[in-house]
Amino acid sequence: MAMNESYEPQSIEGKWQTRWESEGLFRAGTRPNAPKKYILEMLPYPSGKMHMGHVRNYLIGDVFARYFQMKGFDVLHPMGWDAFGLPAENAAIKDGVHPAVRTEENIASFKKEMRSLGYSYDWTREVNTSKPEYYRWNQWFFIQILERGLVYRRFSKVNWCTGCLTVIANEQVKEGVCERCDSPVVDKEMPEWAFRITRYSQDLLDALDTLKEWPERITAMQRNWIGRSDGAEAEFKVQGHDASMRVFTTRIDTIYGCTYVVLAPDHKLVAQVTTPERRADVEAFAKRMSAQSKTERLGEDAEKEGVFTGAYAVNPFTGQPVPIWIANFVVSDYGTGAVMSVPAHDVRDFAFARKYQLPVKVVIQPAAGDKLPAGDALEAAFTEYGVLVDSGEYTGLASAVARQKMAAKLEEEGRGRTTVTYRQKDWGFSRQRYWGTPIPIVYCEKCDPERKGIPVPVEQLPVRLPEIDVQEVLTGKGEPPLAKVPSFVNATCPKCQGPARRETETMDTFVDSCWYFARYLSPHFEGAPFDPKEAQRWLPVDVYVGGPEHAVMHLLYFRFWTRVMKLLGLSPVDEPVTRLITQGIVNGPDARKMSKRWGNVVAPASIVEKYGADTARAYVLFAGPPERDFDWSDKQVEGVFRFLKRVWTLAATHHAAVAGATHSGPYEGKALDIRRAAHKCLKRVGEAIERLSFNTAIAGVMECVNALYLLGAPETPAEKAAMAEAIRILAVVLTPIAPHIADELAEAYGAKHFTVQDGWTAFDPALVVDETIPYAVQVNGKLRAEIHVAADAAEADVRAIAEADEKVQAALAGKTLRKFVFVPKRLVNFVVG
Ligand code: ANZ
Ligand code: ZN
């Protein structure tokens, strides 16, 4: 078949996409005897259009999926839709389109864009989380988890977004505002359903050490988020009351320097101990605090402020009374909600003490160096460990030793103990919205007067979302939308068959994304969320690609869920993902994050239309290492397009003369040079892909193409055969990057199958060794030998070869080596004495 002279991606790409799909090229499970690779990208929320971040995300996975398939693996590379969620519901409130309708439309257009980029998905496994076939299993999990005591209903302060009118997770509050809509977030006391994820805090923390192929940044964020803190609780009696408080401290060694204690404004002791003359101030302060969100109160630059309650507590070690305050920086849901303040050794306490003229008492001196002055003259808190002073029988002990002794003493006397505290909270997951999974619970006044909730029997699942009149129900105001749908609310009690009321809250969409990766294994399985046999074959996910913004929500939640799936006997793995890749951001040409606000958005479709999918793909991969941000450059897109054109022209120019050429060797001169360029490229690209260096992989292809041009037109049969081989190799290495042009070239050069099927060619080791170059070997500056070493040999190799030389050995005999000098590509010198 003759090749068109000019590169016209638009005329070839659609054809290949159709052929790949109709021949089921990317079906998983077709090589049951081969080792598996499960390549996954975070499933998208189907907004109407793809952005460049999506393109990059899926490309990283796509390169791996194609590469491993070429390497002979049975590859699973699925895609689906995180289809529930607020944006569709908020849009419905605005324009009355049912979220299900909008979501379907969005999925259709999103999928079309994905297809146009040539991603290698096994679409037979597509999952849509808003379908009852999917969310019934959220409900099933909920009930299993409930039976194991890992779900409970609590009354608690929740983050209430005043814009979205729903509860949002701690992780979604950014500096006091909702990360989605920028509206203020306030604390609200509400009943909610929560998963007891904290039961796994320690395990989730410990196992981070096993995640060797996760970015350090992400595991560090999780470690921090879980926030294990080793400390002690100590009991302070309240003077004149039959009451006491427990403080949580990580520095019990400083307790002799405690000059006041602070309760959270909403601590339950506050009302009881506050003296009548302080009551008005204390109540006003507490009220002001309750209107502020935690983030507002605790923000880095929030001014420390508080009020005195009029009461005193007794330090359990000194027996001395200290004033009890309340302050903005102490929160009720961490530790015990009560703090012993040691201004000499804590920055926050120091600032507070100076502001309110509370005493400062030094009880720790640095182990070495200058001594601290007395508390009154102290300029800043000394927060490090040191040696105790003014601390009774503990004076003279090192902090670390004193911590243990003091905690032991408290424990002995029943006035405290060593404790471990975690910053991580249980995961409150109920939402007052319509477009989510209904929580499968009913309330029956007769059987369940405490309103704990009665689970819907598993046989009755799914509890379906009702059809609604969008305009009536999705008003964005008041109670949960489902509460306005009587046909939904009115249910039958599974225990007494009497009338019951259905739970009207829905689940956080992070529940959906906790286990979707397992649903892909058997997307239509009826007996369980997924087929455990398939889990044996495919889990864990080998490579997972997604945005780093998910570090502490999704990526922590799905690790929790993986533990639950193991507990339920569904899956054998402890962790969901072996290798995690978090991709950087694609900024606009102006180096700002692409956004409508800046008018710097580059639509993927416009690039595909103008240059073709292969250019869009190769450019995004070439622009920088996957984990780094890069700024869009139209000029570089042009450059990459020209490069693909050069590849095409090379293949087209020589096509008639070389496509059918064969030669049985030997290869010498130019023919050999052509082969060397191609095999080196093969080696380089394979290695670069494995170490996630797609940009250097492409640079390798470019270099090879340049070399082939420079070598000029092939003339002899050997040169012609070498050139044909080189072009077939270009098709191989381009497959993960620019798969359409790859298949087109391969076909023109005689391939009978898709490049993905023909696989990755093994390079010939003899063709990738560089020529050797001479090195002068000196001993004390005197030439002793000349050796020949591969041009790219490392210092250690050159040295080893030099030391093996007989003449050099003779010159070194009996001497002590003082220094070894290495001048790359020129000489080495042994300095001996
Ligand atoms: C006395 C002390 C002396 C403290 C000192 C520190 C240094 P991490 O490490 O984050 O766990 N704290 C305890 N509960 C609190 C609460 N509910 N709200 C605000 N602060 C609280 O922090 C533990 C330390 O934070 C505890 O140790 C306590 O202050 C404070 F030289 O106790 B420390
Ligand atoms: Zn009942």
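Contact here means heavy atoms within 4.5 Å. With that in mind, a pleasant place to enter this predicted model is Thr103, a residue of helix 4, which covers residues 99–116. Leaving aside residues up to four places away in sequence, Thr103 touches Pro46, Ala83, Ala88 and Trp435. The relative accessible area of Thr103 is 3%, and since buried means under 20%, Thr103 is buried.

Stepping back to the whole chain, 28 helices and 33 strands are found. The C-alpha trace spans about 105 × 85 × 50 Å along its principal axes. Of the 833 residues, 55% count as buried. Contacts that reach along the sequence are well represented: among those between residues at least 6 apart, 73% join residues at least 24 apart.

The zinc ion (ligand 2) offers a clear local picture. Its protein donors are the SG atoms of Cys444, Cys447, Cys493 and Cys496, which lie 2.2 to 2.4 Å from the ion. The spacing of these donor residues in sequence is C-x2-C-x45-C-x2-C. Cys444 belongs to the loop between strand 21 (441–443) and strand 22 (454–455), while Cys496 belongs to the loop between strand 23 (490–492) and strand 24 (499–502); the pair therefore ties together parts that are 52 residues apart in sequence. Around the zinc ion, the 4 donor atoms subtend angles of 105 to 114°, and the arrangement is therefore tetrahedral. For reference, the ideal angle for four tetrahedral donors is 109.5 degrees. Two of the donor residues can also be described by their accessibility: Cys444 is buried, at 2% relative accessibility, whereas Cys496, at 25%, counts as partly exposed.

The strands that flank these loops also belong together in a sheet. It is an open sheet of 4 strands with antiparallel pairing, in the order 22-21-24-23. Strand 22 and strand 23 stand at its edges, and each has a single partner strand, so one side of each lacks a neighbour in the sheet. Strand 21 and strand 24 run antiparallel and are joined by 2 bridges. Tyr443 has Arg501, in strand 24, as its bridge partner.

Turning to ligand 1, 18 residues are found around it, and Ser229, Thr249, Tyr334, His345 and Arg423 come nearest. Polar atoms of several side chains face this ligand at short range, as the following distances show. An N or O atom in the side chain of Tyr334 is 2.5 Å from an oxygen atom of ligand 1. The side chain of Arg423 likewise places an N or O atom 2.5 Å from an oxygen atom of the ligand. For Arg348, the partner in ligand 1 is a nitrogen atom, at 3.1 Å from an N or O atom of the side chain.

The last stop is a hairpin formed by strand 32 and strand 33, with 3 residues between the two strands. Strand 32 comprises residues 817–823 and strand 33 residues 827–832, and the two pair in the antiparallel sense over 6 bridges. Within this pairing, Val821 has Asn829 of strand 33 as its bridge partner. In the turn, Lys825 has a positive phi of about 65°.

Methods:
Residues numbered from 1 in each chain as written. Chains lettered and ligands numbered in written order. Predicted model: local features only at pLDDT ≥ 70, side-chain atom pairs only at ≥ 80, totals over all residues. Heavy atoms only, no water. Pairing = 2+ DSSP bridges. Buried < 20%, exposed > 50% of the residue type's maximum accessible area, 1.4 Å probe, protein only. Donors = N, O, S within 2.8 Å, 3.2 Å for Na, K, Ca; no water. Tetrahedral: all angles 85-135°; square planar, octahedral: opposite > 155°, others 65-115°. Near = heavy atom within 4 Å. Polar contact = N/O pair within 3.5 Å; in protein donor to acceptor, adjacent residues only side chain to side chain.
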